[in-house]
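Biologist: Please take a close look at how helices pack against one another in this model. I would value one connected account, suitable for a first-year student.

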Amino acid sequence: MLLTLAAFAVALGVLVVIHELGHYLVARACGVRILRFSVGFGKVLCKRTDRHGTEWALSAIPLGGYVKMLDEREGEVPAAERGRAFNAQPVGKRIAIVAAGPVFNLVLAALLYAALNMAGVKEPAAVLGAPAAGTPAFAAGVQAGDRILAIDGAQVGTWGDARWMLLKSLTDKARPAVEVQTASGERRVRTVDFSRAALGQMEGDVLGREGFGLASPKPVIRSIVPESAAAQAGLLAGDRVVAAGDKKDPSATELITLIQAHAGQPLRLSVIRDGAALAIDVLPREERQADGTLVGRIGAQIGGDIQLITVRHGPVESLAMGARRTAEVSWFSLRMLGKMLVGDVALSNLSGPVTIADYAGQTARMGLEAYIAFLALVSVSLGVLNLLPIPMLDGGHLLYYLVEIIRGSPPPERWMEVGQRAGFGILMVLMAVALFNDFTRLLT
């Protein structure tokens, strides 16, 4: 729990501070006076004032931050300072200052994606498992062991690439041409029909429900419990199991199921050890479960041997890929929001702070690479959300400025008051739905 809270606080703090830093830097460049830049909210714990008159503060609640600018709408401004007030700036400068926050979030996401590409990440190879009958993948002829090489002519390097491309095709209800290399080495093109895919629920393993999933990992003995059935049979850590009883080439899950089913019964395992094939007879010991059933245990930790690919690129290519991924994720997010509005995608897919905190904790436990990828994704979401034309968000202010450009003068105060109330109502409804979804997930 502490790790989850810490990971969430760090993520939110970093992303919101970067957002506010965008407003701050562009406002400074436009000649606007910054009164305060606060990291966190609430009671100020410590502060100092720089030579420009800006108060830099650290506040008690470390969940973001804010920038306070000189503005005649928020208090009296000395005549000598009016030219440095935010509201006195030309509309072009105000647009630049307001847009800078979301833009900085998007730039941060692109840099984080680029950093991952430069550092190199290990991702599973795009080798597919057997699809369930009745799924689009099954209908297209996808078979266990197919390795995806390209989708609609675009080369696929890893499962991450394939998953992203397939997900986009799924939300478009398209018919992607999936080029694969079969387990026997032949090249085939599987045309998948997503036109009847149900988009209402996009949580969980969306592609798995359509028949696309990674091949089950091959079983490897990770460790042996001393004096266990595995130790007595002669199994060693590092043994790769290629057969169990009559089952050839079992997955890790299938091997565990077979062992459990052979309580008190001998089971022959065929393993590869140091390149040599061995046959080992093991006698799973009986263990009674809470419901009274007997299962077999051999006292070995069985892991999965997944084929991994290290992906690494040069600086220039990484920056280009980071920018492209940010643009793709941004557009995908907007499209999903649009589909929610028209009812193609259920509102239950909307996530709130509880789910985000949970993901922060999960990715932090997985390692730095996963946490950075999480930060990039949330940074994109924060940037896109703030650009929506909803009053009270940055996008709402940009909408007012667009009206000002068209009319030649700012919108009437009455319009802005109504807009603010409507925007507040919309945000409250969205927050209520997101929190309801969060707690529903926790309870179920």
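Modeller: In this predicted model, helices α9 and α12 lie oblique to each other, because their axes cross at roughly 50 degrees, and angles from 35 to 65 degrees fall in the oblique class. Helix α9 covers residues 353-366 and helix α12 covers residues 413-443, and their axes come within 7 Å. On the α9 side, the contact is made by Pro 353, Val 354 and Thr 355. On the α12 side, Met 431, Leu 435, Asp 438, Phe 439, Arg 441 and Leu 442 take part. Sorted by class, the residues of this contact comprise six nonpolar, one polar and two charged.

Two further pairs involve helix α2. Helix α1, residues 2-29, has an axis that comes within 7 Å of that of α2, and the two cross at roughly 135 degrees. The pair α1 and α2 is therefore also described as oblique, and the crossing is right-handed. From α1, the residues that meet α2 are Leu 15, Ile 18, His 19, Leu 21, Gly 22, His 23, Leu 25, Val 26 and Ala 27. Their partners in α2 are Ala 96, Ile 97, Val 98, Ala 100, Gly 101, Pro 102, Phe 104, Asn 105 and Leu 108. This contact has 13 nonpolar and five polar residues, with no charged residues.

Helix α2, residues 91-119, also packs against helix α10, residues 368-387; here the axes come within 8 Å and cross at roughly 155 degrees. That angle makes α2 roughly antiparallel to α10, because the roughly antiparallel class takes angles over 145 degrees. The crossing of α2 past α10 is left-handed. The α2 residues in this contact are Pro 102, Asn 105, Leu 106, Leu 108, Ala 109, Leu 112, Tyr 113 and Leu 116. Among those that α10 contributes are Glu 369, Ile 372, Ala 373, Leu 375, Val 380 and Leu 387. The residues of the contact divide into 15 nonpolar, four polar and one charged. Pro 102, Asn 105 and Leu 108 of α2 are listed in the contact with α1 and in the contact with α10.

One open space may be added to this picture. The second largest pocket has a volume of about 540 Å³. It is lined by 26 residues, of which Leu 128, Gly 129, Leu 214, Ala 215 and Ser 216 are the closest to its centre. The lining consists of 14 nonpolar, eight polar and four charged residues.

Key. Residues are numbered from 1 along each chain as its sequence is written. This is a predicted model: local features need pLDDT of at least 70, side-chain atom pairs count only at pLDDT 80 or more; totals for chains, interfaces and linings use all residues. Side-chain values use heavy atoms; hydrogens and water are left out. On a 1 Å grid over the protein atoms alone, a cavity is a set of points where a 1.4 Å probe fits but cannot get out, and a pocket is an open set with protein on both sides within 12 Å along at least five of seven lines; lining residues have an atom within 4 Å of a point. Grid points are joined across faces, edges and corners, and a volume is the space filled by probe spheres set on the points. Ala, Val, Leu, Ile, Met, Phe, Trp, Tyr, Cys and Pro count as nonpolar, Asp, Glu, Lys and Arg as charged, and the others, Gly among them, as polar. Axes are lines fitted to C-alpha atoms, for helices over the stretch in contact, and angles run from 0 to 180 degrees between N-to-C directions. Helices (H or I, at least four residues) and strands (E, at least two) are DSSP runs, numbered from the N terminus. Angles under 35 degrees count as roughly parallel, over 145 as roughly antiparallel, 65 to 115 as roughly perpendicular and the rest as oblique. A crossing is left-handed if the near helix is turned anticlockwise from the far one by less than a right angle, and right-handed if clockwise. Contact means heavy atoms within 4.5 Å.
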